[in-house]
Number of protein chains: 2
Amino acid sequence: MRGKPEETKRRILTAASKLFYAKGVRAVGVDLIAAEAEVTKRTLYHHFDCKDTLVAAYLEAQNEPVLAALIKSITRVSGSITDQIEGLFLTFGKQAESSRWHGCPFARAVSELREFENDAISSIAAKHKRSFEEWLSCHLSSNEVDEPELVARQLMILVDGAITQLLIHRDPSYAKAAACAAVALIRGRVT
Amino acid sequence: MRGKPEETKRRILTAASKLFYAKGVRAVGVDLIAAEAEVTKRTLYHHFDCKDTLVAAYLEAQNEPVLAALIKSITRVSGSITDQIEGLFLTFGKQAESSRWHGCPFARAVSELREFENDAISSIAAKHKRSFEEWLSCHLSSNEVDEPELVARQLMILVDGAITQLLIHRDPSYAKAAACAAVALIRGRVT
DNA sequence: CATTTAGTATACAGATCGGTATACTAAATG
DNA sequence: CATTTAGTATACCGATCTGTATACTAAATG
């Protein structure tokens, strides 16, 4: 039968995204994605010409929602800028308690696909990271934090470092240590 | 012909380590390792009963030299504690210029093997990270830095965060931002 | 001397991988 | 009405993966 083509394509992408994040882009084959999306492999290859473009589409699709979730975990705290950033790291600590959490999908994909010097994938990841860094810079600037570009970059480093440590140790106290560091760095720059 | 068994085993482990770090543990097959070590696959399986134990042996073998290299990049700077930690991050920035650098082998292996809840691998990685964190704590303590455990943990987070950002962006200015953050965090704790 | 150990060489089993071939159906579209 | 497009179903291709089977050699070792 023939459904609306955009709906089918979206169903494939949704299935791929779920599986890629849960198991990793290398560990998931196109057969499994097709089965999960309830389409034949032929249909899958009708909408995506190879697995790599499907991976790229997966990461592109993650950009907006991940960015929105990060921003929301900051802005939902109605307090000072330091309280807000603290909330960001405590959110990571809570997420790390779930076995379904696997850190940043962009960093993970880049790590998995390093062997091929896949410029397409790493540039999508870099674009996403830059977007969040720039948003942080603006947010810090509008809260009278000095040198917002530098502090935003340092916060990005703390974010990805906390994620790595949380993934290795599964110990939420690393989120607290990161939050504490972030607060100290911001406090050193308030006028 | 029959050489000394330890020598052959070491040759296999050396070949595996080189390939695992260069291409990733998932991307390298046992056939390639056997060829690189100039042994037959039969001989490889005589010394290691499966690929996973070879991966574990690879990580175990990396523990000491990686730790030694990290400590050396700190202690070779004859200056203040802040100068020394700055040296650590600038070393990462230099290494990131090489296309043969792929960050921390432990974080990378854990990332690649997340799909299997491989406790053996992640516990080796955790042990290594704890070793370095503890060394940092002692080094900070003996340099009159307050709350050395907390600061050591924050430095660990900065280290792995800087590595992630360097791998994604390939921009050494992230190493400088991390160094700047580390210095600020330590300066806030000197008595 | 007999046995165990370390090794070579080659082949293959069984699974999975990305991707394609063939043949067909049905809906939209000019 | 003819054509294109979206889709099913099934099977297959060639490559690669981990791991084992068979058969043999030579050195160490009790």
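Is Arg26(B) buried, partly exposed or exposed, going by its relative accessibility? At 26% relative accessibility, Arg26(B) counts as partly exposed. The residue belongs to a predicted model, in which chain A and chain B are in contact through 42 residues on each side and in which 18 salt bridges are found over all chains. The points below take up the relation of the two copies, their interface, the salt bridges within chain B and the cysteines.

**Relation of the two chains**

- Chain A can be laid on chain B by a turn of 180 degrees with a shift of 0.0 Å along the axis, and the superposition leaves an RMSD of 0.0 Å; the two copies are therefore related as by a two-fold rotation axis.
- Within chain A, the C-alpha nearest this axis belongs to Gly161(A), which lies 1.7 Å from it.
- Both copies use the same surface, since 100% of the contact residues of chain A recur in chain B.

**Interface between chain A and chain B**

- The area buried between chain A and chain B comes to about 3500 Å², and carbon and sulfur atoms give 62% of it.
- Arg114(A), Ile157(A) and Ile168(A) together supply 20% of the area that chain A buries against chain B, which is more than any other three residues.
- Across this interface there are 13 residue pairs in polar contact and two salt bridges, and in one salt bridge the side chains of Arg153(A) and Asp171(B) meet at 4.0 Å, N to O.
- On the side of chain A that touches chain B, at least two residues come from each of helix H6 (105–112), helix H7 (119–141), helix H8 (148–169) and helix H9 (173–187) of chain A, and the largest share, 14 residues, comes from H8(A).

**Salt bridges within chain B**

- Arg11(B) and Glu7(B) form a salt bridge through their side chains at 2.9 Å, N to O; both residues lie in helix H1 (residues 5–23) of chain B, where they are four residues apart, about one turn of the helix.
- Both partners of that bridge are partly exposed, Arg11(B) with 30% relative accessibility and Glu7(B) with a relative accessible area of 44%.
- The side chain of Arg26(B) meets that of Glu115(B) in a salt bridge of 1.8 Å, N to O, and this pair links distant parts of the chain, with Arg26(B) in the loop between H1 and helix H2 (30–37), Glu115(B) in the loop between helix H6 (105–112) and helix H7 (119–141), and their positions 89 residues apart.
- Glu115(B), like its partner, is partly exposed, with a relative accessible area of 24%.
- Glu147(B) and Arg189(B) meet in a further salt bridge of 2.7 Å, N to O, which also links distant parts of the chain: Glu147(B) sits in the loop between H7 and helix H8 (148–169) of chain B, whereas Arg189(B) sits 42 residues apart from it, in the segment after helix H9 (173–187).
- Glu147(B) is partly exposed at 42% relative accessibility, and Arg189(B) is partly exposed with a relative accessible area of 22%.

**Cysteines**

- The count of disulfides over all chains is zero.
- For Cys104(A), the closest cysteine sulfur is that of Cys104(B), and because the two sulfur atoms are 17 Å apart they are too far for a bond.
- Cys104(A) is buried, with a relative accessible area of 10%, whereas Cys50(B) is partly exposed, with a relative accessible area of 30%.

Methods. Residues are numbered from 1 along each chain as its sequence is written. Chains are lettered from A and ligands numbered from 1 in the order in which they are written. This is a predicted model: local features need pLDDT of at least 70, side-chain atom pairs count only at pLDDT 80 or more; totals for chains, interfaces and linings use all residues. Side-chain values use heavy atoms; hydrogens and water are left out. Buried means under 20% relative accessible area, exposed over 50%, partly exposed in between (1.4 Å probe, protein chains only). Copies are superposed by least squares on the C-alpha atoms of residues with pLDDT of at least 70 in both. Contact means heavy atoms within 4.5 Å. A disulfide is a pair of cysteine sulfur atoms within 2.5 Å. Buried area is the accessible area (1.4 Å probe) that two parts lose on being put together, summed over both. A polar contact is a pair of N or O atoms within 3.5 Å; within protein, one must be able to donate a hydrogen and the other to accept it, and residues adjacent in sequence count only if both atoms are side-chain atoms.
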